[in-house]
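Let's take a walk through this one together, going from charged pairs to the nonpolar core and back again. Have the model open as you read.

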Amino acid sequence: MTNNLDKHSQWGIDFLERYAKFVKERLEIEQAYAKQLRSLVKKYCPKRSKDDEPRFTSCLSFYSILNELNDYAGQREVVAEEMGHKVYGELMRYSQDLKGERKLHLQEGRKTQQYLDQCWKHMDNSKKKFERECKEAEKSQLIYERLDSDINATKSEVEKAKSQLYLRQHMVEESKNEYAAQLQNFNSEQWKHFNVAIPQIFKNLQDMDERRTVKLGEMYRSFAEVERRVIPIISKCLEGMVTAAKNVDERRDSGVVVESFKSGFEPPGDFPFEDFSQNIQRTGSDGTIGTPKTEGGKPDPKHAVGRTKNKLWLFGKKPKAPTLEDLSHLPPEQRRKKLQQRIDELNKELQKEMDQRDALNKMKDVYEKNPQMGDPGSLQPKISETICNMEKLRSEIHKNESWLAEVEGKHGSRSERRPSADVNHHAPHGRERSALPDYVYLHSQDRQTNNMSMYTAVSFMSA
């Protein structure tokens with residue numbers, strides 16, 4: 001029975017430690033999962049400057065999803081941390097306590113058994129001694145009876161045998177009393193052992209095993225509670241991902257493309273008919289129909305050349321233009337944006353220089369009032385350098401503002417001419433659609449109001 005309890009209690013502790021090992025491997029999986037998720041988010045969220053910030057809703061939604069995924073990874077780390085602290089750590093501490101308690105109960109059982117074995121040994125020794133003394137007394141009695149009936153035996157021999165018999169009888173009586181006392185003591189201890197000590201030890205082992213079972217149930221529940229506590233936050237992360245998906249707006253993205261790449265160029269006009277047969281004399285009866293003539297009877301070669309030079313490079317390779325300081329190599333709209341951006345940056349730098357100048361002047365005033373704090377003359381070179389920088393920046397701002405005014409003036413004059421060109425332009429029947437390239441007619445008739453903006457957006461490749 002004791003051996004079975006010993007094995008069972010050891011099995012219970014081994015099973016508890018086995019579950020603790022399972023929890024450890026589970027939290028290691030969570031840690032690795034969270035680490036991989038964070039690495040994935042970091043991989044697809046590279047560091048970028050403000051100029052590279054995404055403006056498309058599809059990109060913004062993707063980065064929002066990455067942020068939510070990063071928060072999700074944080075919750076997996078919370079799960080791993082809670083499992084390590086509240087489940088695995090608690091299991092290992094409880095396992096050590098169980099080992100100590102089990103060892104104590106088994107030692108107590110062994111001590112009780114050893115004491116009972118010692119009582120039995122004393123009882124058995126006293127029994128054997130009583131048995132020996134009885135046998136010796138029987139021998140002494142036989143010797144005495146033989147000498148007492150022997151007529152040849154002397155009186156001294158008979159008396160000696162008689163005294164030896166009395167001595168053996170006395171020793172038998174003492175050994176008998178000792179055996180009786182030891183037997184009574186053993187029976188009493190044996191009753192205590194099997195009715196008090198051993199049941200109490202078994203009860204302690206049973207209580208220990210039941211507490212171990214209860215603890216396992218609590219750890220199972222804690223294992224699930226750790227996961228359940230993060231579910232609301234994980235649900236919010238998933239809801240954030242769904243919201244990011246709903247925020248994808250194709251119209252807005254198209255508008256960003258239009259705003260970013262529209263060139264400001266006007267659509268090319270019709271090519272004129274060039275009549276190379278005007279120098280050939282024709283009779284009135286040949287039935288030919290006269291062709292339109294330009295003023296002076298000849299086509300305007302400059303007009304044709306100019307039209308060819310203004311060709312927009314939409315789908316073919318465009319010769320690479322050199323970069324100019326006034327950005328005149330860019331399309332009008334792109335040039336205007338770049339100039340405005342440059343002016344804003346120069347204004348920021350100018351404001352910094354002005355703030356620095358004011359700070360230096362204040363410091364100079366302090367030095368002049370309190371010479372012990374510093375030499376006012378030491379600040380003059382820095383003040384002069386700052387004023388020089390301010391003048392350079394103002395010159396640059398003025399120069400870029402003049403270029404911007406030039407671009408906006410041209411853009412305004414073109415915008416005023418477009419309504420008359422779009423409404424009053426009459427091409428011959430059958431050539432109205434072919435007069436402009438096919439990409440002008442990307443939209444259906446119900447979107448004709450946006451034709452010009454989409455045309456300028458498409459023509460960004462001419463930049």
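Start at Arg211, which is partly exposed, with a relative accessible area of 36%. Keep in mind that this is a predicted model. The side chain of Arg211 meets that of Glu101 in a salt bridge, 2.4 Å from N to O. Arg211 sits in helix H3 and Glu101 in helix H2, so the pair ties together parts of the chain 110 residues apart in sequence. Glu101, for its part, is buried, at 19% relative accessible area; the cut-off for buried is under 20%.

Right next door in sequence, have a look at Arg212. Its salt-bridge partner is Asp209, with the closest N and O atoms 3.0 Å apart. This pair stays within helix H3, the two residues being three apart, or about one turn of the helix. An α-helix has 3.6 residues a turn, so residues three or four places apart point the same way. Both Arg212 and Asp209 are buried.

Now for another link between H3 and H2. Glu227 in helix H3 and Arg76 in helix H2 are 151 residues apart, and they form a salt bridge with the closest N and O atoms 2.8 Å apart. Arg76 is buried, with a relative accessible area of 5%, while Glu227 is partly exposed at 24%. The pair doesn't stand alone: salt bridges that share partners join Arg26, Glu30, Arg76 and Glu227 into one network. Across the model, the count comes to 23 salt bridges.

Two members of that network lead us to the nonpolar core. Met83 touches both Arg26 and Glu227, and also Val23, Leu27, Tyr88, Phe223 and Val226, leaving aside residues up to four places away in sequence. The largest nonpolar core has 31 residues, and Met83 is one of those that touch the most other members, along with Tyr19, Val23 and Leu91. Helices H1 (2-44), H2 (57-149), H3 (155-229) and H4 (231-246) each put in at least two residues, with H2 giving the most, twelve. A second core, separate from this one, has eleven residues, including Leu339, Leu346, Leu350 and Leu393.

What about H2 itself? It bends by about 35° at Gly84. Does its end-to-end span fall short of or agree with what 1.5 Å a residue predicts? For the 93 residues of H2 the expected span is 138 Å, and the end C-alpha atoms are 135 Å apart, which agrees.

Terms used: Residues numbered from 1 in each chain as written. Predicted model: local features only at pLDDT ≥ 70, side-chain atom pairs only at ≥ 80, totals over all residues. Heavy atoms only, no water. Core = buried A, V, L, I, M, F, W, Y, C linked by side-chain atoms within 4.5 Å. Buried < 20%, exposed > 50% of the residue type's maximum accessible area, 1.4 Å probe, protein only. Helix = DSSP H or I, 4+ residues; strand = E, 2+ residues; numbered from the N terminus. Contact = heavy atoms within 4.5 Å. Expected span 1.5 Å × (residues − 1). Bend = angle between axes of the 7 residues up to and from the residue. Salt bridge = Lys/Arg side-chain N within 4 Å of Asp/Glu carboxyl O.
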